Amino acid sequence: MTVIGVIGAGVMGVGVAQNLAQTGHDVVLVDKDERVLREALATIGRNARMSRLMGGPALDPDEVLSRITTAVGAAGAAKADLVIENVTENWDVKREVYETLDAECGPGTVFVVNTSAIPITKVAAVTRRPDKVIGVHFMNPVPAKPAVELIPGFHTSQDTVQRTRDLLAAMGKKAIDVKDSCGFVSNRVLMLTVNEAAYLVHEGVADAESVDEVFRSCFGHPMGPLETADLIGVDTILYSVEVLYEHYADSKYRPCPLLKQMTDAGLHGRKSGRGFYTYDTQN
Amino acid sequence: MSTTAKGQILDFIRGRYPQAEIDESQDIFALGFVNSLFAMELVMFVEKTFEVTIPNEELRIDNFRTADAMSGLVSRLAPDLAVA
């Protein structure tokens, strides 16, 4: 029986674990914090319950949860046949996790890096199995999004690519092939779009509602870039733009000062109750 | 602030989307500005405000399309409350 290790029980790890479990996979969900794991299971149960209302399949929350076990520490994924890592986009944190996984997992275990920016070849280099490391950029919310970016690193083998493709197909995901490059396709374009949208507000060209309205009404996008920024997190947007700016050393990625000020002021979007919009969660 | 279930639901929707003119029979999903995240917020609002647990089989879009439909759901789950 194939067991999939899911490392990190934050927003992305929770979505990946739920998606795997609802498509019949056995999952070990791993985090460094037991409390986070308890909350993750509660969130998965709640999201499974809401699935049909959100446009997904009707799910039995108990059945989904019965496929997920939890463990504290990356070594908990030692017996997994394939690991999907979703820890924070911080290089030092990721490197430590991969050193542990490389030491604990069997030599055949494939490591899938779920990242929106960090080069896959750089991650592979800290392991003794660079042929078995591959990138998949999942989108949020994972169970609801039909496609991912699939990113082989420099040394990734065809066998690893095929095993990952097979798993993604079983999860109901279309894999879009992208070469290894900081930000891949999605974030190179999206982060610049959000950054430029923030500049428009910063310069007083348009307010946030008007910027988003242009994207919704003129282009038919379901959400505008600044609503999207609030959903992703304004701080995460700033961090992603800064990663692109540092990696390419290109001034076209210079972060908008408004993003910095909002991040410093705690206006992080939906999760903090206020970003480009205000979210009154009480009423 | 309304005291009826339907009024409270309408207040909640109008509070989140002040730019839209919404009445009790309007399909808020068809208006285009309500997304699936708001559907989840509606469920949590209804469960918390009216102290009900919506059974899984009732978690369908059709029960949340209009303030009428939502107050109908509340009245099925908590008959005493909806009369108020």
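**Exercise 1. Determine how helices H10 and H11 of chain A cross in this predicted model, and whether they are parallel, perpendicular or oblique to each other.**

Step 1. The crossing of H10(A) and H11(A) is left-handed.

Step 2. Helix H10 of chain A covers residues 234-248 and helix H11 of chain A covers residues 257-265, and the two pack at an angle of about 135 degrees with their axes 9 Å apart. That angle makes H10(A) oblique to H11(A), because angles over 145 degrees count as roughly antiparallel and those from 65 to 115 as roughly perpendicular.

Step 3. The residues that meet can then be located: from H10(A) they are Val234(A), Asp235(A), Ile237(A), Leu238(A) and Val241(A), and across from them in H11(A) stand Leu259(A), Lys260(A), Met262(A) and Thr263(A).

**Exercise 2. Find what UniProt places at residues 183-279 of chain A, and describe the secondary structure there.**

Step 1. The UniProt record, an unreviewed entry, places the feature "domain: 3-hydroxyacyl-CoA dehydrogenase C-terminal" at residues 183-279 of chain A.

Step 2. Over these residues the chain is 62% helix and 0% strand, while the end C-alpha atoms are 29 Å apart.

**Exercise 3. Work out the order of the strands in the open sheet of chain A, and say which strands stand at the edges.**

Step 1. Eight strands form the open sheet, in the order S3-S2-S1-S4-S5-S6-S7-S8 (chain A), and their pairing is mixed.

Step 2. Strand S3 (68-72) and S8 of chain A stand at the edges, and each has a single partner strand, so one side of each is left without a neighbour in the sheet.

Step 3. From one strand to the next, the twist averages 30 degrees.

**Exercise 4. Follow the pairing from strand S5 to strand S8 of chain A, and state for each pair whether the strands run parallel or antiparallel.**

Step 1. Strand S5 (residues 110-113) of chain A pairs with S6(A) in the parallel sense over three bridges, and Val112(A) has Ile134(A) in S6(A) as its bridge partner.

Step 2. Strand S6 (residues 133-137) of chain A runs antiparallel to strand S7 (residues 147-152) of chain A, to which four bridges join it; here His137(A) has Glu149(A) as its partner in S7(A).

Step 3. S7(A) runs parallel to strand S8 (residues 174-177) of chain A, again with four bridges, and Glu149(A) is partnered in S8(A) by Ile176(A). Between S7(A) and S8(A) the chain passes through helix H6 (residues 158-170) of chain A, and this β-α-β crossover is right-handed.

Step 4. Helix H6(A) lies across strand S4 (82-85), S5, S6, S7 and S8 of chain A, and runs at about 35 degrees to S6(A).

Technical notes
Residues numbered from 1 in each chain as written. Chains lettered and ligands numbered in written order. Predicted model: local features only at pLDDT ≥ 70, side-chain atom pairs only at ≥ 80, totals over all residues. Pairing = 2+ DSSP bridges. Right-handed = clockwise from strand over helix to strand, strands pointing away. Axes fitted to C-alpha atoms, helices over the stretch in contact; angles between N-to-C directions. Contact = placed C-beta atoms within 7 Å. UniProt positions renumbered as here; feature names shortened; annotations may be inferred. Parallel < 35°, antiparallel > 145°, perpendicular 65-115°, else oblique. Left-handed = near helix turned anticlockwise from the far one by under 90°.
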